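Biologist: Let us read this one feature by feature. Ask me for the general idea where it helps, then show me the case at hand.

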Amino acid sequence: MCGFSGFLYSSGVDYNVLQVSTTMSEQIISRGPDDFGVWSDDENGIALNHRRLSVLGLGPSGRQPMSSSTGRYRIVFNGEIYNHLEIRKSLSFSSWKGGSDTETLLEAFENWGVEATLQKITGMFSFALWDSNNKKIYLSRDRMGEKPLYYGWSNGVFFFGSDLKSFTVHPSFVKTIDRDALAQFIRFSYVPTPKSIYQNISKLETGSLLTLDCDLHSIRINRPVRIKKYWSASHVINSLSDRRKEPIDDGELIKELEDKLYKSVRQQMISDVPIGAFLSGGIDSSIIASLMQKAVDKPIKTFTIGFNESDYNEAKHAKKVANILGTDHTELYIDPNAAIDVIPMLPDMYSEPFADVSQIPTFLVSKMAKSSVTVALSGDGGDELFGGYNRYIWSAKVWKNIEKYPYYFRNMSSNIMSHMPPAAINKFSNIVNGLMPWTNLPTMLGDKAHKAFNIFSSRSSDEIYLKLISQWNSPCDIVIGSNMEDTMPNYNPELITSDSIEKMMFLDTVMYLPDDILTKVDRASMGASLEVRSPMLNHEIFEFAWSMPLNTKIRGGVGKWALKEVLYKYIPKNIVDRPKMGFGVPIDSWLRGPLVEWAEELLDENRLNREGYFVADQIRVKWEEHKSGKRNWQYQLWNILMFQLWLENNI
């Protein structure tokens with residue numbers, strides 16, 4: 001795992017190119033603490049820099065920027081090519097300098113060309129490739145979006161790289177916030193691709209190849225780039241639509257799924273450094289740990305973070321799984337102070353605003369794992385591919401029940417019910433639970449009821465989904481200067497399916513997975529200089545999952561049916577079958593307790609008005625309601641707080 005950046009510049013710049021490039025690389029040292037390199041070509045006006053975390057090919061032969069054998073190509077690369085040994089065997093080349101997958105990739109480009117090579121490789125990656133023959137630069141990103149890649153023009157310079165922090169120290173970079181991107185962040189807790197928080201800087205979409213003509217002798221300032229999809233999730237899903245309708249034997253499907261997962265796990269266990277696994281005790285991480293342990297004859301290392309608050313603690317379940325598998329298990333219980341200490345580090349760790357609260361425990365478990373291993377496997381992707389989120393089942397049921405009523409009636413009812421004070425509903429819930437404890441009505445019932453009232457006015461199942469994944473339903477009302485439309489970014493009308501659950505799974509895969517889950521894991525793990533690999537995100541697993549009929553994923557109102565059937569071979573059913581828990585922290589109570597003064601300073605009304613990004617009075621209303629306990633606005637406020645903290649540290 002590594003990090004890189006680079007830029008195109010014009011002749012006669014008034015700064016030292018190599019010195020600036022070196023400074024850019026220093027901003028991402030945690031992505032690659034083992035080695036670094038810089039390279040520039042004044043004749044063609046291009047500079048590359050690279051930070052290295054050595055995992056394969058540990059010697060100097062793996063150093064980057066790396067040149068191909070003929071000198072035509074030069075690359076900076078972040079990630080792992082899992083099938084690079086097979087690629088080597090199929091190349092007509094024998095003069096290898098070392099064992100790195102980067103060298104393999106370069107010689108594949110020499111033999112097959114860029115696009116053909118991308119079709120053949122399996123892995124997680126992003127790279128920048130300079131073609132000195134054709135004076136072109138290529139940028140590419142893996143199929144599922146495990147590795148980040150930003151690009152764009154600023155002040156006549158074309159920037160590209162793994163992390164926005166590298167760009168911001170360049171003398172030509174202009175740090176202007178994109179107000180529409182900010183509104184999307186406030187809604188979703190992350191900035192969805194293709195936007196970034198900065199104007200004119202974009203994220204490259206997953207499975208894409210960008211090409212830019214870099215001929216210095218022609219005008220190239222703000223020259224448009226060409227972007228081509230070498231792999232498309234929607235095209236794969238459409239091509240398998242008929243197969244999903246075919247009957248299939250359950251036993252054969254479970255066996256084939258297990259075999260494919262086992263192959264992916266074994267492939268991703270290849271490493272020249274110690275390797276372990278995250279183990280939460282949930283289905284996905286337990287399957288990965290089970291198959292890893294099956295592949296070796298000694299205990300694998302597994303890692304779990306625990307919290308003393310029972311609603312947030314999965315460590316006890318993880319320990320049971322570890323004991324059954326016989327892993328070398330490490331668990332660490334975190335008190336609030338240790339978790340809160342991470343918060344000031346977040347703006348540096350995430351170079352644009354990011355507000356998934358599980359970013360905190362993800363960093364802590366990465367830091368703990370790094371003390372023993374350099375690579376860890378995770379179960380990311382299982383929910384999106386195999387129907388694991390409760391919203392898939394819940395929203396489909398809700399829409400089926402409410403669509404029979406006319407919209408005007410639902411909208412009017414929603415407006416009436418939304419005027420019921422949440423505090424009154426909470427009080428009623430507490431009284432009922434006190435008098436009739438067997439009813440066990442949920443805590444903060446008023447907040448849950450208000451979310452339900454909001455959903456009741458939806459016009460379609462798509463709108464229900466959008467509301468479920470939104471923290472703020474109308475972010476333009478609080479972000480000053482935003483004109484963002486109230487629609488779903490990345491929606492692909494080419495998807496051929498009328499099933500609302502499949503639509504949600506697709507949207508989660510192309511938006512929520514790369515922009516939230518994988519961003520969180522990449523930045524948190526890189527903050528600890530740990531490489532994390534996700535075997536379920538192998539594109540062959542994706543394609544097989546989407547060939548499976550929906551009822552092999554969601555059956556009897558329960559998700560991940562097929563994955564559970566695989567896991568039952570390794571872990572007893574009574575341990576597997578339990579309610580799904582998130583990987584979060586008790587931000588709601590912390591904001592009323594140890595974080596209240598910190599939050600008060602960031603949400604100060606005068607400060608908000610002075611900075612000019614938010615309508616201050618709307619935020620203050622939510623903050624006062626949260627502090628008093630009348631409402632639980634933890635996620636809405638966390639989004640605002642994470643932007644405010646990022647703003648304080650970056651602008």
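Biologist: In which loop is Ser529 found?

Modeller: Ser529 is found in the loop between H20 and E17. Keep in mind that this is a predicted model.

Biologist: What stands out in the backbone of Ser529, given that Ser529 is not a glycine?

Modeller: The sign of phi. Ser529 has a positive phi of about 55° although it is not a glycine.

Biologist: Is Ser529 buried or exposed?

Modeller: Read the relative accessibility against the cut-offs: buried is under 20% and exposed is over 50%. Ser529 comes to 11%, so Ser529 counts as buried.

Biologist: Which other residue should I look at for phi?

Modeller: Take Asn155. Asn155 also is not a glycine, and its phi is positive, about 55°. Asn155 lies in the loop between strand E8 (150–154) and strand E9 (157–161). At 61% relative accessibility, Asn155 counts as exposed.

Biologist: Now the sheet. In what order do the 5 strands of the open sheet stand?

Modeller: Read across the sheet, not along the chain. The order is E15-E14-E13-E16-E17, and the pairing is parallel.

Biologist: Which strands stand at the edges?

Modeller: Count partners. Strand E15 (328–334) and strand E17 (531–533) each have a single partner strand, so one side of each is left without a neighbour in the sheet. From one strand to the next, the twist averages 30°.

Biologist: How many bridges join E13 to its partners E14 and E16?

Modeller: Strand E13 (residues 275–278) pairs with strand E14 (residues 301–307) over 3 bridges, in the parallel sense. E13 and E16 also run parallel, joined by 3 bridges.

Biologist: Which residues are the bridge partners of Gly276 in E16 and in E14?

Modeller: Look to both sides of E13. In E16, Gly276 has Ala376 as its bridge partner. In E14, the partner of Gly276 is Lys301. Ala277 stands opposite Thr302 in E14.

Biologist: What general idea helps with side chains along a strand?

Modeller: In a regular strand the side chains alternate between the two faces of the sheet.

Biologist: Which strands does helix H9 touch where it packs on the sheet?

Modeller: Helix H9 (residues 283–295) touches E13, E14 and strand E16 (375–377). Then check direction: that of H9 makes about 150° with that of E13.

Biologist: On to cavities. How many cavities of 30 Å³ or more are there?

Modeller: The count comes to 11 cavities of 30 Å³ or more. Consider the second largest, which holds about 90 Å³ of space.

Biologist: Which residues are closest to the centre of the second largest cavity?

Modeller: Of the 13 residues that line the second largest cavity, Glu146, Lys147, Val521, Asp522 and Val532 are the closest to its centre. Next, ask which elements contribute. Helix H20 (500–527) and E17 give two or more residues to this lining. H20 gives the most, with 5 residues.

Biologist: How do the lining residues of the second largest cavity divide into nonpolar, polar and charged?

Modeller: The lining has 6 nonpolar, 2 polar and 5 charged residues.

Biologist: Where are the cis peptide bonds of Pro65 and Pro194?

Modeller: Use omega to spot them. The bond from Gln64 to Pro65 is cis, with omega near 0°. Pro65 has its place in the loop between strand E3 (46–52) and strand E4 (66–67). The bond from Thr193 to Pro194 is cis too, with omega near 15°. Pro194 has its place in the loop between helix H6 (179–188) and strand E10 (201–203).

Biologist: What separates the C-alpha atoms of Ser358 and Val585?

Modeller: Compare distance in space with distance along the chain. Ser358 and Val585 are 227 residues apart along the chain, yet their C-alpha atoms are separated by 6.6 Å. Ser358 sits in the loop between helix H12 (346–349) and helix H13 (359–370). Its relative accessible area is 5%, so Ser358 is buried.

Biologist: And the chain as a whole?

Modeller: The chain has 28 helices and 17 strands. Of its 651 residues, 60% count as buried. Among contacts with a separation of 6 or more, 72% are between residues 24 or more positions apart.

Key. Residues are numbered from 1 along each chain as its sequence is written. This is a predicted model: local features need pLDDT of at least 70, side-chain atom pairs count only at pLDDT 80 or more; totals for chains, interfaces and linings use all residues. Side-chain values use heavy atoms; hydrogens and water are left out. Two strands pair if DSSP finds at least two bridges between them. Helices (H or I, at least four residues) and strands (E, at least two) are DSSP runs, numbered from the N terminus. Axes are lines fitted to C-alpha atoms, for helices over the stretch in contact, and angles run from 0 to 180 degrees between N-to-C directions. Contact means heavy atoms within 4.5 Å. On a 1 Å grid over the protein atoms alone, a cavity is a set of points where a 1.4 Å probe fits but cannot get out, and a pocket is an open set with protein on both sides within 12 Å along at least five of seven lines; lining residues have an atom within 4 Å of a point. Grid points are joined across faces, edges and corners, and a volume is the space filled by probe spheres set on the points. Ala, Val, Leu, Ile, Met, Phe, Trp, Tyr, Cys and Pro count as nonpolar, Asp, Glu, Lys and Arg as charged, and the others, Gly among them, as polar. Buried means under 20% relative accessible area, exposed over 50%, partly exposed in between (1.4 Å probe, protein chains only).
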